[in-house]
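Here is a friendly walk through one protein model and the molecules it holds. Please keep the sequence and the 3D view open as you read.

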Amino acid sequence: MSVYSLLYDQTLCIGCKACEQACQSEHDQPPHEATRLDAQSFNWVEDLGNDRFQRHFCMNCEDPTCASVCPVGAFTKHDLGPVTWDPNLCMGCRYCMMACPFQVPRYEWDSVNPRVRKCDMCIHRVSRGRPTACAEVCPTGATLFGRREDLLAEAHRRLREHPERYNGGLYGEEEVGGTAVLMLLAADPEKSHLPANLPRQAMPMLTWQVLNKLPVIIAPWATFLGGMMWLTDRKNEVARRENGKTRGLHHKGERS
Ligand code: SF4
Ligand code: SF4
Ligand code: SF4
């Protein structure tokens with residue numbers, strides 16, 4: 001269970017996009033107005049019309065599907081809350097993109113060394129006891145950072161005291177087994193372009209239940225992935241050996 005969380009209250013969001021800018025600056029991305037999630041936009045404030053807005057970013061799931069399907073363990077769910085991704089382990093299969101129930105991970109299609117990209121819940125700040133950049137700059141308190149148990153209590157207090165404001169309820173407390181990001185919604189999730197009717201149990205559980213029933217599909221897939229990993233290892237090993245040879249020849253040349 002995450003220690004820390006973010007609580008986004010849609011009814012308090014004025015669409016100023018300060019969180020978008022703070023996220024870009026925090027992750028060395030060129031300043032721009034996001035129009036969707038992409039490799040340069042980990043946080044998108046969508047204008048839903050009628051003065052209603054919706055933030056889209058990684059939910060930093062408690063039991064993340066991206067991590068469960070990644071064949072090389074490139075994703076990590078940290079005890080503090082963030083779900084991160086390691087570029088040194090990723091082999092670019094993009095299975096995480098297909099598996100994420102919130103369709104979050106994006107790929108650097110234009111890069112020669114493409115990476116999977118997504119919100120990392122500002123782990124570099126959170127691990128130093130600081131709030132996420134988006135929560136720090138939010139001028140209305142629409143995005144709050146804090147201990148998950150405190151934010152859950154705060155969300156339920158608002159639901160109890162103002163049920164008429166939150167027809168969409170609390171999103172993220174139970175969806176796919178719970179997420180570090182919690183959202184108080186004015187209307188049903190579909191109206192905010194969020195996936196609705198998600199299972200209450202973690203998707204990794206479902207993934208395994210499905211995969212266990214599909215040995216015919218998973219066996220060739222696992223073989224394929226295993227083959228890809230072996231090829232990558234082989235490629236790196238050959239490169240290392242070739243570099244060693246080159247260096248050896250170079251040294252010999254220097255000595256002569
Ligand atoms: S929202 Fe998607 S990318 Fe983010 S932690 Fe959950 S499964 Fe992974
Ligand atoms: S938690 Fe950090 S990375 Fe995620 S949306 Fe907020 S500022 Fe961006
Ligand atoms: S900074 Fe706060 S009020 Fe402004 S768009 Fe982001 S969540 Fe909404």
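The residues around ligand 2 are C23, H27, N43, R55, F57, C119, D120, M121, C122, T132, A133 and C134, where a residue counts as near if one of its heavy atoms lies within 4 Å of the molecule. This is a predicted model, in which local features need pLDDT of at least 70 and side-chain atom pairs count only at pLDDT 80 or more, while totals for chains, interfaces and linings use all residues. Residues are numbered from 1 along each chain as its sequence is written, chains are lettered from A and ligands numbered from 1 in the order in which they are written, and side-chain values use heavy atoms, with hydrogens and water left out.

Let us turn to the other two ligands. Ligand 3 has 14 residues around it, and C13, C16, K17, C19 and C138 come nearest. For ligand 1 there are 13, with C58, C61, C66, C100 and F102 coming nearest. The table sorts each shell by class: Ala, Val, Leu, Ile, Met, Phe, Trp, Tyr, Cys and Pro count as nonpolar, Asp, Glu, Lys and Arg as charged, and the others, Gly among them, as polar.

| Shell | Nonpolar | Polar | Charged |
|---|---|---|---|
| Ligand 1 | 10 residues | 2 residues | 1 residue |
| Ligand 2 | 7 residues | 3 residues | 2 residues |
| Ligand 3 | 9 residues | 3 residues | 2 residues |

How many disulfides does a search of the whole structure find? The count is 0, taking a disulfide as a pair of cysteine sulfur atoms within 2.5 Å.

Several of these ligand neighbours can be placed by burial: buried means under 20% relative accessible area, exposed over 50%, and partly exposed in between (1.4 Å probe, protein chains only). C119 is buried because its relative accessible area is 9%, and C66 also counts as buried, at 10%. C122, in the loop between β7 (116-117) and α4 (123-126), is buried too, with a value of 6%. Although C122 is not a glycine, its phi is positive, about 45 degrees. Most residues other than glycine have a negative phi.

N197 also has a positive phi without being a glycine, at about 55 degrees. This residue sits in the loop between β10 and α7 (203-212) and is exposed, with 77% relative accessibility. Also exposed is M98, at 59%, a residue of helix α3 (residues 95-99). The C-alpha atoms of M98 and C66 are separated by 8.6 Å, though their positions lie 32 residues apart in the chain count.

Now to the interior. The largest nonpolar core has 35 residues, of which L6, M59, F102, Y171 and M183 touch the most other members; such a core is a set of buried Ala, Val, Leu, Ile, Met, Phe, Trp, Tyr and Cys residues joined through side-chain atoms within 4.5 Å. The elements giving two or more residues to this core are β1 (4-9), α1 (18-26), β2 (44-49), α5 (133-137) and β10 (181-185). Beyond its neighbours within four places in sequence, F102 is in contact (heavy atoms within 4.5 Å) with M59, C61, Y171, V176, T179, P195 and L198.

In α1, the buried residues are A18, C19, E20, A22, C23 and Q24, and their cover includes β2, β3 (52-56) and α5. D28 follows α1 and has a positive phi, near 55 degrees.

Overall, the protein has 8 helices and 10 strands, which are DSSP runs (H or I, at least four residues, for helices; E, at least two, for strands) numbered from the N terminus. Buried residues make up 43% of its 256 residues.
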